[in-house]
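Hi everyone, thanks for coming. Let me put the structure up so we can walk through it together.

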Amino acid sequence: MKKGTTLFSAIVLMALVLTSNSSFAQTTKLTDPEIASVAVTANQVDINYAKIAKEKSKNADVLKFAATMSKDHQGVIDQAVALVTKLKVTPKDNAVSKKLNADAEKTKKTLSAKSVKDFDKAYIDNEVAYHKAVISTVQDVLIPQTQNAELKALLEKVLPVLKAHLEHAEMVQKMVK
Amino acid sequence: MIRLHKILRSNSYILLSIFFLTSCNTSSKKDAANTGVNKDTVSRISKIDSTLVSKKNESLVDTIIISDMNFHPAVIKIHKGDAVIWINKDMVTHCVTEAKTKSWSSLQIPAGEAWKMMAVEHSSDYYCAIHLVMKGKIVVEKEHSASKIRSGIPGNSKF
């Protein structure tokens, strides 16, 4: 009972943090260099989570998912960097990317502190919540605010990738008890 | 409606460059084994080019576009002995693996590249082993008549 209550509290807390992130992003007006920075940061955050998973998890499904996250998000970063280089746009740190990084640091500490037994569920629950939040931010904030057509097109192409990741995470979530 | 890409006649020169690299699931040697697919003809095409659409070929090439994390069409009907080519227009690497027994598996197909499997003999469900939610199906129908131009599959493709 106590364990269940603790888990529920953790999920509620995570939901509150992400909802807060999403609302925060929605009320912030971003320029293209700032949007590029948010896009790269959001991808890098998930690569960092995957790195922890590779170190801590023993679950084949979780490890495979983490490997996919690492590879896909690095691929997105590479293409985003190639595009901003071509456009001569320098990604600019901003309030949203700073908050993403700050929240990610807290989550990384939480995940790293988990026992091997509890890690898989904590990681995959976070992946589901994180991808939902990022999809919402890309869809409702970044894409509508982007001015450059090529940057907008890149973000639009990222969206189905994120949605497939979410579906994959939810599939793994059902396997991890 | 006639699908132009399904009336391609393939001969060897349609492929820009063919080379074998690491498998999608690191066991490429079992490519297409026991499925009537000749592994020697399972090829990776390094670049996508309009020359894939050749008019000098004898067998048919059926094209599946990978985009927006889906196979288009998700279900493709081909004739026995046809080749199937997957063209990755997504921004991430994909692969294709037979679903039931993993009897064949592609190489990794990076963004902007393609992978071709020759002489498909049997129907099969397949999926992307990197993104498990991506699924497709090949339905092999009777052997095709070389002179016959086949129709597409209305409703299956989003393109």
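I'll start with a pair of packed helices and then turn to a cavity.

Quick ground rules: this is a predicted model, where local features need pLDDT of at least 70, side-chain atom pairs count only at pLDDT 80 or more, and totals for chains, interfaces and linings use all residues. Residues are numbered from 1 along each chain as its sequence is written, chains are lettered from A and ligands numbered from 1 in the order written, and side-chain values use heavy atoms, with hydrogens and water left out.

So, the helices (DSSP runs of H or I, at least four residues, numbered from the N terminus). In chain A, α2(A) packs on α5, residues 116–145, at about 170 degrees, with the axes 11 Å apart; axes are lines fitted to C-alpha atoms over the stretch in contact, and angles run from 0 to 180 degrees between N-to-C directions. That makes α2(A) and α5(A) roughly antiparallel, the word for angles over 145. Among the residues in contact (heavy atoms within 4.5 Å) are A:Tyr49 of α2(A) and A:Tyr130 of α5(A). By class, that contact has 14 nonpolar, three polar and four charged residues. Here Ala, Val, Leu, Ile, Met, Phe, Trp, Tyr, Cys and Pro count as nonpolar, Asp, Glu, Lys and Arg as charged, and the others, Gly among them, as polar.Now the second largest cavity (points on a 1 Å grid over the protein atoms alone where a 1.4 Å probe fits but cannot get out). Its lining, meaning residues with an atom within 4 Å of a point, includes A:Ala36, A:Val84 and A:Leu151, and divides into eight nonpolar, no polar and no charged residues.

Definitions and conventions. On a 1 Å grid over the protein atoms alone, a cavity is a set of points where a 1.4 Å probe fits but cannot get out, and a pocket is an open set with protein on both sides within 12 Å along at least five of seven lines; lining residues have an atom within 4 Å of a point. Helices (H or I, at least four residues) and strands (E, at least two) are DSSP runs, numbered from the N terminus. Angles under 35 degrees count as roughly parallel, over 145 as roughly antiparallel, 65 to 115 as roughly perpendicular and the rest as oblique.
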